[in-house]
Amino acid sequence: MANPARGYNAHLERRMRVLLEPCRSAGTAIITNMGAANPRAAAERTIDIARGLGLKGLKIACIEGDDVTDSVSRSTPLMDEPGTLADIDMPIVGMNAYLGVEALPALEDQADVIVGGRLADPSMFVAPLVHRFGWSLDNTTQLGAGTLVGHLMECGMQVTGGYFADPGIKFVPDLARCGYPIAEVAHDGSAVITKLSGTGGRVSPVTVKEQLLYEVHDPARYLTPDVTADFSRVRIDAVGPDRARVAGAAGSKGPADLKVTVGFDGGVLAEAGVSYAGPGAQDRGRLAAEIVGERLRQVHGYGGAVRIDLIGTSSLFATAIRTTTSATEDVRLNVALRSRSREIAETVLWEVEAFLCCGPAGGGGFRGSIVPSVITRSVLISRDRVKPSMEIFEA
Amino acid sequence: VKKQSGNLPRIVRDIAHARASDKGNTSNISVWVYDPADFELLKSKVTTERLKQTYPDLVRGDVERYVLEHLHGLNLVLQDALEGGVNSSLNLDSHGKSWSYLILRLELRESSAKRRHPLSSGALTPSGMGMDRRSSAERG
């Protein structure tokens with residue numbers, strides 16, 4: 001890590017300053033992954049903030065053990081493609097295993113704030129349900145039900161009308177003030193998904209359905225560190241304005257292995273764009289696209305992947321749909337490549353900026369950026385080789 | 001949610017809504033009809049075969065389709081369909097979040113030898129059904 005005092009979520013300080021006092025007053029525990037690559041530093045920073053706010057005695061737990069860099073061999077097979085880690089020709093920058101209900105011991109020790117880095121998203125909701133209801137970690141039906149609740153909550157407003165509106169067809173009131181979700185969970189794990197009154201957004205079986213299968217493949221086998229959850233027989237019913245009841249999730253034993261995200265130093269992502277408007281804009285944009293492709297390959301000898309889009313004519317769907325009938329008079333050339341070479345990255349920006357004086361007529365609005373690029377792959381690690389640990393600090 | 005009134009539905013978006021998400025280089029898109037009466041039509045038009053035929057350059061791997069009969073939804077799982085995935089793709093939308101509209105833009109009355117109005121036929125032989133994966137619970 002470049003700086004051992006950082007590596008946690010950039011929003012941590014601002015959020016803790018706002019939340020610590022009201023949550024302590026209400027007796028609400030905070031469970032968060034804002035520790036990211038450095039939960040310990042995040043916990044230490046949170047203690048400083050708590051002390052600054054006069055919250056003496058606030059208990060802050062730090063959950064570590066997801067860093068498995070020393071436990072995974074380079075001969076480990078890749079999850080989603082043939083080959084092993086050794087076949088990826090880039091320096092490894094980190095290996096982190098997804099953890100499950102590891103917030104549980106900290107809840108039992110009455111921590112006010114629990115900071116992890118790689119707790120599986122639904123597990124951050126399953127842990128307090130297990131704690132409060134006294135569920136057994138062997139009861140896969142309850143863990144499946146809790147996982148459904150966590151799964152619906154983990155993307156925040158994606159269940160309360162966020163990411164849903166499609167004007168003329170799907171209406172969401174006051175999306176600018178969309179409310180965050182609340183799950184009212186019963187002992188059997190069924191739950192009512194709702195949101196604060198007076199907020200925007202909407203909760204209905206329709207918004208809940210769209211989130212039910214988000215990042216899910218087989219609805220009957222959703223793997224988490226805690227359980228193999230079964231969402232295939234879930235019932236979703238409207239039970240009042242902005243209230244949808246979910247029930248019927250089940251589960252079976254969790255997977256023997258845990259998923260590990262391996263990050264590689266992928267060099268940089270370079271992107272550069274310039275726009276054309278008015279009559280003939282598409283033809284001028286296409287000419288610019290041809291020129292930059294030709295110059296990168298023939299003048300600069302670049303043989304790697306480069307993406308050249310014409311936003312307004314063909315960009316997001318450029319691979320899927322070859323022909324378009326767009327009649328727009330406002331297009332933007334966007335050029336992107338990844339490289340380990342800073343030089344070729346800077347060349348992309350310079351070539352596109354050069355269109356302002358020596359490309360097709362009327363090009364304007366150059367922007368360019370070069371940002372670090374971390375490439376990831378997934379591997380599996382045997383559960384017994386991951387040793388989560390928890391430590392509590394007091395403000 | 002209001003259904004478009006008057007005109008016959010033209011594209012999938014007229015009868016269904018959808019959301020796309022990603023894991024690695026695999027895209028999954030769930031598609032849900034507003035009106036359960038349209039579910040057979042959806043199943044007959046949004047098939048694994050049709051997706052592979054319509055988007056061959058994008059969808060490079062297998063396509064699986066899970067059916068949630070009681071919720072009137074399909075879950076389409078498209079392998080090797082994200083141009084490398086979120087950290088590798090050079091697409092502006094490297095998550096493929098907009099892929100939901102690749103489904104919703106599909107015509108309901110595509111010119112095909114198998115064309116038949118499912119609401120009036122009752123006997124459906126939709127293409128691609130053979131590739132369906134029932135969720136394991138339903139299969140068991």
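I take contact to mean heavy atoms within 4.5 Å. I note that this is a predicted model.

**Entry: helix α6 of chain A**

I looked up α6(A), residues 205–212, and found that 8 of its 8 residues are buried. They run from Pro205(A), Val206(A), Thr207(A) and Val208(A) to Lys209(A), Glu210(A), Gln211(A) and Leu212(A). What do the buried residues of α6(A) pack against? Within chain A, I find α5 (140–153), β9 (235–240) and β10 (243–247). From chain B, I find β1 (16–23), β2 (26–33) and β3 (63–68). One residue of the helix, Glu210(A), forms a salt bridge with Arg19(B), with 2.9 Å between the closest N and O atoms.

**Entry: the interface**

I then went through the contact between the chains, which takes 52 residues from chain A and 46 residues from chain B. The area buried between chain A and chain B is about 4,300 Å², and carbon and sulfur atoms give 55% of that area. How many salt bridges does the rule find across the interface of chain A and chain B? I count 4, and the structure holds 22 over all chains.

Besides Arg19(B) with Glu210(A), I checked Arg13(B) with Asp166(A), where the closest N and O atoms are 2.7 Å apart. This pair crosses between chains, from the segment before β1 of chain B to the loop between α5 and β5 (181–185) of chain A. Is Asp166(A) buried or exposed? Asp166(A) has a relative accessible area of 9%, so I log it as buried. Arg13(B) has 24% and is therefore partly exposed.

**Entry: Asp22(B)**

I looked for a partner for Asp22(B), which sits in strand β1 of chain B. Asp22(B) is buried yet has no salt bridge. The nearest side chain of opposite charge is Lys97(B), 5.8 Å away; the cut-off for a salt bridge is 4 Å, so this pair does not qualify. Leaving aside neighbours within four places in sequence, I find Asp22(B) in contact with Glu215(A), Leu82(B), Val86(B) and His95(B).

**Entry: salt bridges within a chain**

In helix α1 (residues 39–45) of chain B, I looked at Lys43(B) and Glu40(B), which lie 3 residues apart, about one turn of the helix. They form a salt bridge, with the closest N and O atoms 3.1 Å apart. Lys43(B) is buried at 4% relative accessible area, whereas Glu40(B) is partly exposed at 36%.

In chain A, I found Arg6(A), Glu13(A), Arg45(A) and Asp48(A) linked in a network of salt bridges. One of its links joins the side chains of Glu13(A) and Arg6(A), at 3.3 Å from N to O. Arg6(A) is partly exposed, with a relative accessible area of 35%.

**Entry: loop residues**

Which sign does phi take at His72(B)? I read a positive value near 60°, in a residue other than glycine. His72(B) lies in the loop between β3 and β4 (73–78) of chain B and is partly exposed at 23% relative accessible area.

Asp80(B), in the loop between β4 and α3 (100–104) of chain B, also has a positive phi, near 50°. Its relative accessible area is 34%, so I list Asp80(B) as partly exposed.

In chain A, I looked up Ser314(A), in the loop between β13 (307–311) and β14 (330–339). Ser314(A) is partly exposed, with a relative accessible area of 22%. Neighbours within four places in sequence aside, Ser314(A) is in contact with Asp309(A) and Thr324(A). I also took the C-alpha distance from Ser314(A) to Ala183(A): 41 Å in space, for 131 residues in sequence.

**Entry: the chains as wholes**

Chain A has 9 helices and 16 strands, and its C-alpha trace spans about 70 × 50 × 50 Å along the principal axes. Of its 395 residues, 50% count as buried. I note 40 positive and 46 negative side chains in chain A, with the centres of the two sets 3 Å apart.

Chain B has 5 helices and 5 strands, and I read their order from the N terminus as β-β-α-α-β-β-α-α-β-α. Buried residues make up 51% of its 140 residues.

I also looked up contacts between residues at least 6 apart in sequence. In chain A, 73% of them join residues at least 24 apart; in chain B, the share is 62%.

Notes: Residues numbered from 1 in each chain as written. Chains lettered and ligands numbered in written order. Predicted model: local features only at pLDDT ≥ 70, side-chain atom pairs only at ≥ 80, totals over all residues. Heavy atoms only, no water. Helix = DSSP H or I, 4+ residues; strand = E, 2+ residues; numbered from the N terminus. Buried < 20%, exposed > 50% of the residue type's maximum accessible area, 1.4 Å probe, protein only. Lys, Arg positive; Asp, Glu negative; His and termini not counted. Charge placed at Lys NZ, Arg CZ, Asp CG, Glu CD. Buried area = accessible area lost by both parts, 1.4 Å probe.
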